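Colleague: Could you walk me through this structure and tell me how each label is earned? I'd like to see the reasoning behind the words.

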Amino acid sequence: MNIPFVSLKKMHGEIRSELDEKFASVLDKSNYIMGDELEAFEKSFADYCGTKHAIGVGNGLDALYLILRAFGIGDGDEVIVPSNTYIATALAVSYTGATPVFVEPDIRTFTINPEKIEEKITEKTKAIMAVHLYGRTADMDEINAIAHKHGLKVVEDSAQAHGATYKGKKAGSLADASGFSFYPGKNLGALGDGGAVTTNDDELANRVSMLRNYGSKIKYDHELMGNNSRLDEMQAAFLNVKLPHLDKWNTFRNKVVSRYLSEIKNPLITLPLPCDDVHYNIWHIFAVMTDHRDSLEKYLSDNGVGTNKHYPKAIHLQGAYRHLGLSEGTYPIAEKISACELSLPLYYGMKEEEIDYLIALLNSWSI
């Protein structure tokens with residue numbers, strides 16, 4: 001049996017006629033930028049997240065970058081980010097001219113450890129970026145309390161958390177602003193790149209709306225030095241089709257994960273924490289840990305199962321951040337996760353026999 005790491009076939013197959021109709025509609029209108037589809041998606045996505053505003057942008061990295069710029073963060077400033085996350089989180093900080101300051105995660109949750117944040121705050125710190133990694137929200141009450149105490153902004157990186165909740169509130173509504181990615185493999189994915197900013201801050205929303213569009217609200221009148229980062233009409237149209245199905249798809253993923261958590265019994269494999277009364281995880285990634293990752297990865301591949309590693313080299317050890325002078329051993333928890341994490345197949349439409357097969361393989365694996 002062959003099980004890919006991810007497949008979008010069933011998801012898109014069930015809504016193919018709607019996608020085709022939207023494609024034809026946008027094509028016939030001949031308006032491909034900043035039109036009715038974007039306006040409709042921004043309203044629907046804001047309503048879904050429980051925020052006043054959603055602003056469509058080009059991708060998730062731009063969403064985070066534009067938030068920081070709109071807050072006036074730049075040269076000489078510092079922004080706290082998790083040491084274990086995708087590099088886009090740190091790049092958004094760097095592109096403003098500010099410096100990312102890494103804080104270790106809780107190895108049980110993979111999200112930033114609030115107990116380690118305050119020791120990294122300096123007079124240069126302007127914001128904390130909390131990443132809802134793999135679909136689990138960070139511990140936002142503690143993070144927001146620390147930020148309030150020190151007069152800092154809080155930005156959610158919600159790129160992997162479409163529909164996740166914290167104490168009943170949706171990711172995207174838990175801080176001053178949030179950045180989303182609609183990369184095709186996300187739980188809510190476009191058919192290309194895309195992103196959005198959500199916020200309840202009217203001034204921030206206005207500035208992000210200008211910054212994404214060359215710094216302009218009125219054509220050829222540029223109040224700010226902006227960027228070209230707009231969610232195009234075609235991608236907005238596809239997202240308008242997909243958003244009403246998101247909760248169903250997330251529920252399916254949780255059902256698969258429920259089986260993983262209850263039936264994988266191999267002592268060599270550490271499973272992630274389940275959902276609880278505080279965190280509703282939408283399981284963008286099902287990440288296990290093992291001290292023998294290469295062996296497990298090869299074993300599964302030899303048996304037809306696709307996997308992935310999130311992420312095999314910590315940000316502080318990447319060549320892009322060599323200038324920070326952070327050597328191996330500086331962030332041991334992030335390095336441990338990088339060395340031991342393996343992501344298992346998880347997608348809408350997995351068949352029961354595929355889940356059976358994978359669980360049996362994992363329980364049979366030994367070194």
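What follows is a chat about pockets, helices and a few single residues in a predicted model.

Colleague: Let's start with Asn 187. Why is Asn 187 called buried or exposed, whichever applies?

Modeller: Buried means under 20% relative accessible area. Asn 187 has 2% relative accessibility, so Asn 187 counts as buried. You'll find Asn 187 in the loop between strand 8 and strand 9.

Colleague: What is Asn 187 in contact with, leaving aside its neighbours within four places in sequence?

Modeller: Quite a list: His 162, Leu 246, Trp 249, Asn 250, Arg 253, Ile 282, Trp 283 and His 284.

Colleague: And which side chains make polar contacts with the side chain of Asn 187?

Modeller: The cut-off for a pair of N or O atoms is 3.5 Å. The side chains of Asn 187 and Asn 250 are joined at 2.8 Å, so that pair falls within the cut-off. With the side chain of His 284 the value is 3.1 Å, so that pair is a polar contact too.

Colleague: Asn 250 belongs to helix 9, right? Which residues of helix 9 are buried?

Modeller: Yes, and Asn 250 is one of them; the others are Leu 246, Trp 249, Arg 253, Asn 254, Val 256, Val 257, Arg 259 and Tyr 260. What covers these buried residues includes helix 1, helix 3, helix 8, strand 12, strand 13 and helix 12.

Colleague: How do you know what span to expect for helix 9?

Modeller: You take 1.5 Å times one less than the number of residues. Helix 9 has 18 residues, and the expected span is 26 Å. From its first C-alpha to its last, helix 9 reaches 26 Å, close to that expectation.

Colleague: Now helix 7. Which residues there are buried, and what covers them?

Modeller: Helix 7 runs over residues 202-211, and its buried residues are Leu 204, Ala 205, Val 208, Met 210 and Leu 211. The cover includes strand 1, helix 4, strand 8, strand 9 and strand 10.

Colleague: What happens at the start of helix 7?

Modeller: There, a side-chain oxygen of Asp 201 comes to within 3.0 Å of the backbone nitrogen of Glu 203.

Colleague: On to Ser 173. What makes Ser 173 buried or exposed?

Modeller: Its relative accessible area is 9%, and buried means under 20%, so Ser 173 is buried. Ser 173 sits in the loop between strand 7 and strand 8. Not counting residues up to four places away in sequence, Ser 173 touches Cys 49, Gly 50, Thr 51 and Glu 156. A polar atom of the Ser 173 side chain also lies 2.6 Å from the backbone oxygen of Lys 170.

Colleague: What is noteworthy about phi in Phe 110 and Tyr 220?

Modeller: Most residues other than glycine have a negative phi. Phe 110 has a phi near 75°, which is positive, and Tyr 220 has one near 70°, also positive.

Colleague: Which of those two is buried and which is exposed?

Modeller: Phe 110 has 5% relative accessibility, so Phe 110 counts as buried. Exposed means over 50%, and Tyr 220 has 69%, so Tyr 220 counts as exposed. Phe 110 lies in the loop between strand 3 and strand 4, while Tyr 220 is in the loop between strand 10 and strand 11.

Colleague: Where does Phe 110 come up again?

Modeller: In the lining of the largest cavity, along with residues including Arg 108, Leu 133, Pro 272 and Trp 283. About 80 Å³ of space lies in that cavity. Its lining has eight nonpolar, two polar and two charged residues.

Colleague: And the largest pocket: how much space lies in it, and which residues lie nearest its centre?

Modeller: About 720 Å³. The lining has 35 residues, with Gln 160, Tyr 183, Lys 186, His 284 and Tyr 311 nearest the centre. Helix 4 gives the most to the lining, with three residues. By class, there are 19 nonpolar, twelve polar and four charged.

Colleague: Last one, about Tyr 311. What kind is the peptide bond from His 310 to Tyr 311?

Modeller: That bond is cis, with omega near 0°. Most peptide bonds are trans. Tyr 311 itself lies in the loop between helix 10 and helix 11.

Key
Residues numbered from 1 in each chain as written. Heavy atoms only, no water. Buried < 20%, exposed > 50% of the residue type's maximum accessible area, 1.4 Å probe, protein only. Helix = DSSP H or I, 4+ residues; strand = E, 2+ residues; numbered from the N terminus. Contact = heavy atoms within 4.5 Å. Polar contact = N/O pair within 3.5 Å; in protein donor to acceptor, adjacent residues only side chain to side chain. 1 Å grid on protein atoms, 1.4 Å probe; cavity = no way out; pocket = protein on both sides within 12 Å on 5 of 7 lines; lining within 4 Å. Points joined across faces, edges and corners; volume = space filled by probe spheres on them. Nonpolar A, V, L, I, M, F, W, Y, C, P; charged D, E, K, R; others polar.
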